[in-house]
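Trainee: Could you take me through one part of this model closely? I would like to look at the sheet and what surrounds it.

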Amino acid sequence: MRPLPEADPGTPDVRSPLRYLWWNARRQAAPLWAGIGFAVVWWLAQSLVPTVLGKGIDAVRGKETGTLLAWSAVLFGLGLLQAFSGVMRHRMAVFNWLSAAYRTVQVTARQATRLGATLPKRLSTGEVVSVGNSDIAHIGNAMDILLRGTGSVVAIATIAAIMLSTAWELGLLVLIGVPLMSAVVGPLLKPLHRRQREQRELQGELSTRAADIVAGLRVLRGIGGERVFAERYRLESQQVRQAGVRVVRVESLLEGVQILLPGVLIAAVTAIGASFAVDHRISAGQLVAFYTYAVFLIAPMRTLIEAADKLTKGHVAAKRVIRILAIEPEVSGGDGGSPGGELHDEASGVRVRPGTFTALTASTPEQAAEIADRLGRYAEGQVRFGGVPLASLPVAEVRSRILVADNAARLFTGRLRDELDVAGASDEAVAEALHAACAEDIVESLPDGLDAHVAEAGREFSGGQQQRLRLARALITDPEVLILVEPTSAVDAHSEARIADRLAKARAGKTTLVCTTSPLVLDRTDHVIYVEDGAVQAEGPHRELLAASPAYAGTVTRGED
């Protein structure tokens, strides 16, 4: 098997959502600064238009044709600059959005690969899926809004400076009014943050429920449980809807504030500016400029409020991401090596002899699964491989040399050949593995054979067919040590007998451990180990154990003669 990818040296600091967002911003610093630069130029070009317009009006009142033409040219130049910088700002905004969003996908997928079997034990499927469904968009929006948000601050500062230099009272009104509006908006962000977090948690749970229903639809139909689970899904979806309504209530209040507060500021600036014009303290052109500025301020003010909203959502999304990134694998490896040989689990006493076809039978399936997890280094345990502690080997080396194949393994979407052959095997090796797993008939029944497309989770195949295809995939990998957990539990007795015969021949001379209680498989093995209460109670050939160990015979025959 190919080794797992090494951890990225640029793995983010996962101590807080803000640190994650900051890490993301640093990884795309150049395009982010370029976008901020274009956004600042774009906003400045717009913020200077009212001044130029006022100068043009004063030139008309003074009948100064040359001055009017000059300011008209300046206005035309500002329009061109605004158009160019606006296009470039949008291009950089999209680039930064995509970079932040899909960098999150990359680090999350890399962490999922690193965690392996640990991830499904710690988080539900819905929680992980929701990162790709919605959280990446919010993180991308947080990067996107930095461009326009920074530019809007510069625009507000520029407008305030122009007003202060022309009529300090109006400039002071703007400088006081803007922070006051921000102070009014601030208290709304905390409940919005809390309600968005609650909605995301409910969405994750609902996604998990949907995934479970889809995966078990065939079983639900068999026992008539569709109506029960449909009702549960309906109730949970209603909870998500109600949580969304609570979020929208706060968002609608924010939208109203974005209209009301700038409107009040416009009215105040216009009223005071009009009185100044009547007293000849400012010209008619300056009055028009002040009014235009007051109207124009709505845009940067809305952008600031939008920035607060999107950064809040980005913070909530980053919390979910770092929850995944903060998980550590249950097992770790060293930098040692092993010549291979006997695989020994000290806790149970199980010894898998090299080059033999061994069976492990336990009084309960859970005991066999626990031993298989320890032997495959999916759980901590005192295990030796060729006399060397398994924990001293790098995890990637353990995965490449010891393969644990159980019924929780999935078939992924794609070409069947690609889903079965993960090691670049030859056509002959693939054909031999399919034969050993009695899966040739499955491939032959498909119109395109190995080129057929596999749907999500291989849902077009029955449980027995999926099990045989998973067994074929494990055999194609051809590891040094193969551990199979109940590989024939879903097939009929005739197929099981053929698989047992062919499996023994296919793995002849190779180290193989099969966890099973099937007499058909046990009768084809070289050696059988019986475990009860977590320890080896008996071992030897299958037929000898049937006669010598009543506990083993009862487990295998299920109490039948």
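Mentor: We start with the sheet, follow one of its residues outward, and then visit some other places in the chain. Keep in mind that this is a predicted model.

Begin with the strands. Six of them form an open sheet, and the order is β6-β9-β10-β3-β11-β12. The pairing is mixed. In general, strands of a sheet pair through backbone hydrogen bonds, either parallel or antiparallel. Now find the edges. They are β6, at 402-405, and β12, at 535-540. Each of these two pairs on one side only. Neighbouring strands in this sheet are turned against each other by 20° on average, with direction ignored.

Next, pick one pair of strands. Strand β3 covers residues 357-362, and strand β11 covers residues 527-532. The two run parallel, joined by five bridges. One residue to mark is Thr-361, whose bridge partner in β11 is Tyr-530. Hold on to Tyr-530; we return to it soon.

Helices pack on this sheet too. Take α11, residues 365-375: this helix touches β3, β6, β9 (481-485), β10 (511-515) and β11. The direction of α11 makes about 135° with that of β3. Helix α16, residues 463-477, also packs on the sheet, where it touches β6 and β9. Its direction makes about 170° with that of β9.

Now back to Tyr-530. A pair of aromatic rings is described by the distance of the centres and the angle of the planes. The model has five aromatic pairs by the rule used here. One of them joins Tyr-530 and Tyr-552. Their centres are 5.8 Å apart, and the planes make 80°, so the pair counts as edge-to-face, for which the cut-off is over 60 degrees. Where do the two rings come from? Tyr-530 is in strand β11, while Tyr-552 is in helix α20, residues 550-557. They are 22 residues apart, and the pair links distant parts of the chain. Both tyrosines are buried.

Other rings deserve a glance. Trp-42, Trp-43 and Phe-296 are linked by ring pairs into a cluster. Charges sit over rings as well. The charged end of Arg-399 lies over the ring of Tyr-378, 3.9 Å from its centre. Arg-281 does likewise with Phe-276, at 4.0 Å from the ring centre.

Follow β9 onward to a loop. Glu-486 is placed in the loop between β9 and α17 (493-506). Glu-486 is not a glycine, yet its phi is positive, about 45°. Its relative accessibility is 24%, so Glu-486 counts as partly exposed. Lys-63 also has a positive phi without being a glycine, here about 55°. Lys-63 sits in the loop between α2 (29-61) and α3 (65-115). At 76% relative accessibility, Lys-63 counts as exposed.

Stay with α3 for a moment. This helix has 51 residues, and at 1.5 Å a residue it should span 75 Å. Its end C-alpha atoms are 74 Å apart, so the expected span and the model agree. After α3 comes Gly-116, with a positive phi near 60°.

Finish with another lysine. Lys-313 lies in helix α10, residues 298-325. Is Lys-313 buried or exposed? Its relative accessibility is 17%, so Lys-313 counts as buried. Beyond its neighbours within four places in sequence, Lys-313 contacts His-138, Gln-196, Arg-200 and Glu-251.

Methods: Residues are numbered from 1 along each chain as its sequence is written. This is a predicted model: local features need pLDDT of at least 70, side-chain atom pairs count only at pLDDT 80 or more; totals for chains, interfaces and linings use all residues. Side-chain values use heavy atoms; hydrogens and water are left out. Two strands pair if DSSP finds at least two bridges between them. Helices (H or I, at least four residues) and strands (E, at least two) are DSSP runs, numbered from the N terminus. Axes are lines fitted to C-alpha atoms, for helices over the stretch in contact, and angles run from 0 to 180 degrees between N-to-C directions. Contact means heavy atoms within 4.5 Å. Rings of Phe, Tyr and Trp (its six-membered ring) pair if their centres lie within 6.5 Å; planes under 30 degrees apart count as stacked, over 60 as edge-to-face and the rest as tilted. Buried means under 20% relative accessible area, exposed over 50%, partly exposed in between (1.4 Å probe, protein chains only). A charge sits over a ring if NZ of Lys or CZ of Arg is within 6 Å of the ring centre and within 35 degrees of the ring normal. The expected span of a helix is 1.5 Å times one less than its number of residues.
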